Amino acid sequence: MATPAAVVSDSRASEGALPQGTSLEPAKRQSSYGQILKSTALVGGSSVLHIVIGIVRTKVMAMLLGPAGFGLAGLYMSVTNLTQSIAGLGVNSSGVRQIAEAAGSGDSERIAVTAAVLRRVSLALGLLGAAILALGAMPISWATFGSSAHWTDMCILALAVFCTLVSAGQGALLQGKRRIADLAKMSVLGALFGTIAAIPLVYYFRERGVAPALVAAAAMTLACSWWYSRSIDVARPKIPMKQLWEETAPLLKLGFAFMISTGLMMASAYLVRIIIRDSAGLAATGFYQAAWTLGGMYVGMILQAMGADFYPRLTASINDHAEANRLVNEQARASMLLAGPGVLATLTFSPLVLSVMYAPEFSAAVDVLRWICLGVAM
């Protein structure tokens with residue numbers, strides 16, 4: 001007995017619509033390489049601008065602070081990144097999935113509820129992260145620097161944690177709705193305004209201005225994320241406490257897995273910098289920070305550009321295993337082809353890159369940069 005699918009296929013073939021045995025799948029599953037390149041060009045273009053702005057900020061800070069001051073900035077960033085990864089509970093990643101699923105359903109009420117929950121959870125986690133760093137400022141200063149001399153800067157950095165976690169929630173909303181152009185603009189303008197706000201603080205206060213500069217940069221990113229996320233036209237529903245928890249639970253459950261992986265990565269980065277500071281001093285920490293930043297710059301730009309559009313598309317197709325498998329394979333091939341040349345170029349021209357990006361005194365980081373490039377390539 002013929003199956004319903006076979007009957008439909010035979011009927012269409014008899015009518016001349018399709019040759020006998022022709023499958024509809026190839027027409028349905030069109031290659032996503034065009035979409036990958038389009039989104040990569042859009043977000044990648046903004047990432048290039050973001051990197052150029054970052055180079056200006058980094059070079060100015062390196063020239064003003066020197067290797068030791070740059071190492072101090074690296075330790076501050078490690079502390080804030082680790083705190084953000086723990087307090088953020090991976091909501092910036094799980095939020096993209098939840099928003100993408102809601103948007104894929106076409107249910108405006110579900111989209112509105114999910115967006116409202118994401119915003120509230122991001123705000124609560126931002127307050128939690130700030131409280132963790134502020135209340136633990138003294139022991140964190142001892143663990144990081146071996147003294148309490150930097151505990152006031154830790155309290156200041158709590159503001160940067162708050163701003164970053166809230167803006168991450170806003171960015172997740174934009175990415176989940178696949179507002180790639182707005183996401184790109186938010187990234188570029190946040191970096192530009194952050195640089196404009198940060199450089200004067202470092203120029204006038206030198207090392208004492210590093211923590212306020214990081215806060216100023218995070219605040220500018222928050223302002224830009226708020227400006228673009230407010231343009232998303234969703235209702236603001238009143239959500240009962242029971243429903244709020246029901247919506248929050250899956251967000252945190254999925255985010256916990258992201259938090260574990262990100263937290264381990266940030267914790268290892270933090271510990272490595274502490275080990276280098278204890279064994280070789282702040283200047284060596286600055287060399288390592290410079291090499292680490294450059295080693296992952298190009299690959300990070302490619303992965304960020306691809307992930308901005310790939311993650312929501314994969315989420316929307318996750319129940320279609322064949323389609324999801326095809327998207328993953330195409331994404332992996334495209335990323336290897338795009339990232340390879342940049343890694344090889346950085347590996348080859350390490351001395352020139354360090355001199356141009358930072359200052360001649362950072363040439364001691366050449367060997368470290370090459371090892372990091374090899375690690376990234378693997």
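1. Is Thr-293 buried, partly exposed or exposed? In this predicted model, Thr-293 has a relative accessible area of 28%, and because buried means under 20% and exposed means over 50%, Thr-293 counts as partly exposed. The residue belongs to helix α11, which runs over residues 282-295. A link across the sequence can also be seen here, since the C-alpha atoms of Thr-293 and Leu-369 are 9.0 Å apart in space, while the two residues are 76 apart in sequence.

2. For the overall picture, the protein contains 15 helices and zero strands, and of its 378 residues, 46% are buried. When one takes the contacts between residues at least 6 apart in sequence, 81% of them join residues at least 24 apart. The protein exposes about 18600 Å², and carbon and sulfur atoms supply 68% of that area.

3. Helix α7 allows a simple check of geometry that a student can follow with a pencil. The helix covers residues 151-176, which is 26 residues, and at 1.5 Å a residue it should span 38 Å, where the expected span is taken as 1.5 Å times one less than the number of residues. The C-alpha atoms at its two ends are 37 Å apart, which agrees with that expectation. Just after α7, Arg-178 takes a positive phi of about 60°.

4. Two further positive phi angles deserve a careful look in the loops. Most residues other than glycine have a negative phi. Leu-89, although it is not a glycine, has a positive phi of about 50°; this residue is placed in the loop between α3 and α4, and with a relative accessible area of 23% it is partly exposed. Arg-206 is likewise not a glycine and has a positive phi of about 50°; its place is in the loop between α8 (180-205) and α9 (210-229), and at 37% relative accessibility Arg-206 counts as partly exposed.

5. Arg-206 appears again when the side chains are considered, for its charged end sits over the ring of Tyr-203, at 5.6 Å from the ring centre. Another arginine, Arg-230, lies over the face of Trp-227, with a distance of 4.9 Å from the ring centre.

6. Arg-230 also leads to Arg-119, a residue of helix α5 (residues 108-135). Is Arg-119 buried or exposed? At 19% relative accessibility, Arg-119 counts as buried, because the cut-off for buried is under 20%. Leaving aside its neighbours within four places in sequence, the residues in contact with Arg-119 are Gln-170, Leu-173, Ser-229, Arg-230, Val-234 and Arg-236.

7. How many aromatic pairs does the structure hold? There are eight, and one of them is formed by Phe-70 and Tyr-358, whose ring centres are 5.4 Å apart, with 75° between the planes, so that the pair is edge-to-face, a label given to planes over 60 degrees apart. This pair links distant parts of the chain, with Phe-70 in helix α3 (residues 33-87) and Tyr-358 in the loop between α14 (350-357) and α15 (366-377), 288 residues apart. Both partners are covered: Phe-70 is buried at a relative accessible area of 5%, and Tyr-358 is buried at 1%. Ring pairs also link Phe-70, Phe-287, Tyr-358 and Phe-362 into a cluster.

8. The loop between α14 and α15 is also the place of Ala-364. In contrast to the buried Tyr-358, Ala-364 has 52% relative accessibility and counts as exposed, because exposed means over 50%. The C-alpha atoms of Ala-364 and Tyr-288 are separated by 9.3 Å, although their positions lie 76 residues apart along the chain when counted as a separation in sequence.

9. A last point concerns cysteines, two of which may be compared by their cover. Cys-155 is partly exposed, with a relative accessible area of 26%, whereas Cys-163 is buried, with a relative accessible area of 10%. How many disulfides does the structure hold? The number of disulfides in the structure is zero.

Technical notes. Residues numbered from 1 in each chain as written. Predicted model: local features only at pLDDT ≥ 70, side-chain atom pairs only at ≥ 80, totals over all residues. Heavy atoms only, no water. Helix = DSSP H or I, 4+ residues; strand = E, 2+ residues; numbered from the N terminus. Buried < 20%, exposed > 50% of the residue type's maximum accessible area, 1.4 Å probe, protein only. Contact = heavy atoms within 4.5 Å. Phe/Tyr/Trp six-rings, centres within 6.5 Å; stacked < 30°, edge-to-face > 60°. Lys NZ or Arg CZ within 6 Å of the ring centre and 35° of its normal. Disulfide = S-S within 2.5 Å. Areas by Shrake-Rupley, 256 points an atom, 1.4 Å probe, with all protein chains shown as cover.
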